[in-house]
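Subject: Structure for you to look at

Hi,

Here is the structure I promised to pass on. Have a look at it first, and then read my notes below.

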Amino acid sequence: MAEIIDGKALAAKVLAGTAEEVRAIVSAGGDAPGLAVILVGKDPASEVYVGRKIAQCRKAGIRSIEHRLPAETEQEVVLALIDELNADPLVHGILVQLPLPRHIDAARVLDRIDPAKDVDGFHPVNVGRLSTGTGGLVPCTPLGVMLLLDSVIDDYRGLNVVVIGKSNIVGKPVSMLLLEREATVTVTHIETRDLPDIARKADVIVAAAGAPQLVRGYWVKPGAVVIDVGITRVADHDGNTRIVGDCATHELDHAKAVTPVPGGVGPMTIACLLSNTVLAAKRAAVA
Ligand code: NAD
């Protein structure tokens, strides 16, 4: 049987470590790290994600500063708010919950965030730092993927890794992180030919396509590690919805280890957001 990598347990460990770091900062006389969250409009899924992030901040002792703006808020108003937060020394991280309403240019908004406070790691400066291996803040889901992989892999040198999906928020950054560890990385996408054959050569598969149960048992060589980033909400015949990953996990008994969906990568993403906020606060303190 493949080992099931418990993302919930690992996320709890990361959160406990983050809370410990916050206590150390405060007991040394520093300000508690602060995370500003901007939510424009009332997208139900975004409301849920923001609610979870804020609840976890509270648990870890991170101050969360919420800015809930109406859907019709003009772009200039959002940009002015970001300027204000950039200048506020008590705000160490700024998160703009995506998606933004259509009339707002998300790239312009994200580019306005001070890269030192860009805890989502989406600013071009942080993307550049990641691709040149020169520090910066790393996007939360790829960071979570690496921590999950680190729990079962000691040495990545020469491993064949196949990443399925090339998005800016998962596929590309995770590929950069794996290259930094000296893995041989193949990045694949919707136009890739013979994907099952390519996947079958992999020691590690990171599936981030958003295609339910794309990765079948015959795609995976015995002993491979499989990280399932995909989250797709599907309706059951009884009308209930459930979350499905990118891998047919029930066909992966021959793998070395797999992450479940839910309970794998998902919980790691918020944990890494909080650890990025504390990292940003520590860097601001010595800057
Ligand atoms: P995206 O839509 O931006 O990118 C998907 C990528 O997968 C594209 O590069 C596309 O070419 C590729 N792809 C799509 N279908 C494919 C197929 N059949 N074969 C091969 N490649 C295919 O998506 P994203 O934002 O990177 O997210 C990917 C998945 O990860 C989604 O299910 C998303 O919900 C999930 N996700 C989860 C977390 C988390 O915290 N667990 C965070 C971010 C994204």
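To start with a small puzzle: in which loop is P99 found? P99 sits in the loop between β4 (93-96) and α4. Keep in mind that this is a predicted model. I picked out that proline for its backbone: the peptide bond from L98 to P99 is cis, with omega near 0°. There is also a cis bond joining V261 and P262, where omega is about -5°. P262 belongs to the loop between β11 (257-258) and α9.

While we're on the backbone, most residues other than glycine have a negative phi, and most peptide bonds are trans. Two non-glycine residues to check on that score are D194 and Q213. D194 has a positive phi, near 55°, and is found in the loop between β6 (184-188) and α8 (195-200). Its relative accessible area is 53%, so D194 is exposed. Q213 has phi at about 50° and lies in the loop between β7 and β8. With 33% relative accessibility, Q213 is partly exposed.

Now the overall picture. The chain has nine helices and 11 strands. Its radius of gyration is 19 Å, close to the 19 Å from the globule rule for 287 residues, so the chain is as compact as a globular protein of that length. The C-alpha trace spans about 55 × 45 × 35 Å along its principal axes. Of the 287 residues, 46% are buried. If you take contacts between residues at least 6 apart in sequence, 69% of them join residues at least 24 apart. The accessible surface is about 13,800 Å², and carbon and sulfur atoms account for 56% of that.

Helix α6 (residues 140-150) is worth a click. How many of its 11 residues are buried? Eight are, so "mostly covered" is a fair label, given that buried means under 20% relative accessible area. The buried ones are C140, T141, P142, G144, V145, M146, L148 and L149. Their cover includes α1 (7-27), α7 (171-180), β7 (204-207), β8 (225-228) and α9 (265-286).

On to charges. The chain carries 29 positive and 34 negative charges, and the mean positions of the two sets are 2 Å apart. Searching the whole structure gives 13 salt bridges. Here are some of them:

- E76 and R108 pair through their side chains at 4.0 Å, N to O. E76 is in helix α3 (residues 75-87) and R108 in helix α4 (residues 106-112), so this pair ties together parts that are 32 residues apart in sequence. E76 is partly exposed at 47% relative accessibility, and R108 is partly exposed at 39%.
- D155 and R157 form a salt bridge at 2.7 Å, N to O. D155 is partly exposed at 37%, whereas R157 is exposed at 59%.
- R242 and D236 meet at 2.8 Å, N to O. R242 is partly exposed at 43%, and D236 is partly exposed at 24%.
- E47, R58, E66 and R68 are linked in a network of salt bridges.

That's what I have for now. Shout if you'd like to go through any of it together.

Cheers

Key
Residues are numbered from 1 along each chain as its sequence is written. This is a predicted model: local features need pLDDT of at least 70, side-chain atom pairs count only at pLDDT 80 or more; totals for chains, interfaces and linings use all residues. Side-chain values use heavy atoms; hydrogens and water are left out. Buried means under 20% relative accessible area, exposed over 50%, partly exposed in between (1.4 Å probe, protein chains only). Helices (H or I, at least four residues) and strands (E, at least two) are DSSP runs, numbered from the N terminus. Contact means heavy atoms within 4.5 Å. The radius of gyration is taken over C-alpha atoms; the globule rule is 2.2 Å times the number of residues to the power 0.38. Accessible areas come from the Shrake-Rupley method with a 1.4 Å probe; for residues, only the protein chains shown count as cover. Lys and Arg count as positive and Asp and Glu as negative; His and the chain ends are not counted. The place of a charge is taken as NZ of Lys, CZ of Arg, CG of Asp or CD of Glu.
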